[in-house]
Amino acid sequence: MDIQTGISGGVVNVEARYTLVQHFFIGSLAPAVFFDAGLSSDDLQSLDFDPPPGSPIDTRYAWSGGVGLRLVTPVGPLALDYAYSPPRNSSAWYLTLGYIF
């Protein structure tokens, strides 16, 4: 996997959830769909949001979409997600606890 690093960047996260079971053990159970995108650079001046000429997919940005399941507890959500990134043709499973922001 090609990982791009930098000291400046941008991130977009969009997630839709629906409470499926209100009282499930210690929280509520909610399926989710999501989209994540981001880019990074070594300085703010070189962050360019215009796509390269003639490129059908702008590979400077990392982006993925996926589905997941949330157990929303009083201390934050426990999430199991599956994400797929078409530009990189890769997928991964993620297990997280808490909010990312």
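Let's start with Arg 17 and Glu 15, whose side chains meet in a salt bridge, with 2.7 Å from N to O. Before I go on, please keep in mind that this is a predicted model. How exposed are these two partners? Arg 17 is partly exposed, at a relative accessible area of 42%. Glu 15 is partly exposed too, with a value of 37%.

Now stay with Glu 15, please, and look across to Arg 70. The side chains of Arg 70 and Glu 15 also form a salt bridge, this time at 2.8 Å from N to O. Where do the two residues sit? Arg 70 is in strand E4, which covers residues 62-73, and Glu 15 is in strand E1, residues 8-17, so this pair ties together parts of the chain that are 55 residues apart in sequence. Is Arg 70 buried or exposed? Arg 70 has a relative accessibility of 4%, and because the cut-off for buried is under 20%, Arg 70 counts as buried.

Arg 70 has another partner, and that is Asp 81. The side chains of Asp 81 and Arg 70 meet in a salt bridge with an N to O distance of 2.4 Å. Here the link runs between strand E5, residues 76-85, where Asp 81 lies, and strand E4, where Arg 70 lies; the two residues are 11 apart in sequence, and the pair joins distant parts of the chain. Asp 81 is buried as well, at 12% relative accessible area.

Let me put those pieces together for you. Glu 15, Arg 17, Arg 70 and Asp 81 are linked in a network of salt bridges. How many salt bridges does a search of the whole structure find? The count is 3. For background, side chains of opposite charge can pair when their charged atoms come close.

Let's turn to the nonpolar side of the story. On the surface there is a nonpolar patch of about 920 Å². The residues that make it are Val 33, Val 67, Leu 78, Leu 80, Tyr 82, Tyr 84, Trp 93, Leu 95 and Leu 97. Which strand gives the most to this patch? That is E5, with 4 residues. Strand E6, residues 90-97, and E5 each supply at least two residues. If you would like one residue to click on, try Tyr 82, which is placed in strand E5. Tyr 82 counts as partly exposed, with a relative accessibility of 31%.

Between E5 and E6 there is a loop, and Asn 89 lies in it. Asn 89 deserves a look: its phi is positive, about 50°, although it is not a glycine. With 60% relative accessibility, Asn 89 counts as exposed.

Finally, let's zoom out to the chain as a whole. There are 6 strands and 0 helices, and read along the sequence the pattern is β-β-β-β-β-β. The chain has 101 residues, and buried ones make up 27% of them. Its accessible surface comes to about 7400 Å², and carbon and sulfur atoms account for 64% of that. As for contacts, if we take those between residues at least 6 apart in sequence, 45% join residues that are at least 24 apart.

So, if you keep one picture from today, let it be the network that links Glu 15, Arg 17, Arg 70 and Asp 81. Thanks for listening, everyone!

Key
Residues are numbered from 1 along each chain as its sequence is written. This is a predicted model: local features need pLDDT of at least 70, side-chain atom pairs count only at pLDDT 80 or more; totals for chains, interfaces and linings use all residues. Side-chain values use heavy atoms; hydrogens and water are left out. A salt bridge is a side-chain nitrogen of Lys or Arg within 4 Å of a carboxyl oxygen of Asp or Glu. Buried means under 20% relative accessible area, exposed over 50%, partly exposed in between (1.4 Å probe, protein chains only). Patches are made of residues with over 30% relative accessible area and no salt bridge: like charges are joined within 9 Å, nonpolar side chains (Val, Leu, Ile, Met, Phe, Trp, Tyr) within 5 Å. Accessible areas come from the Shrake-Rupley method with a 1.4 Å probe; for residues, only the protein chains shown count as cover. Contact means heavy atoms within 4.5 Å.
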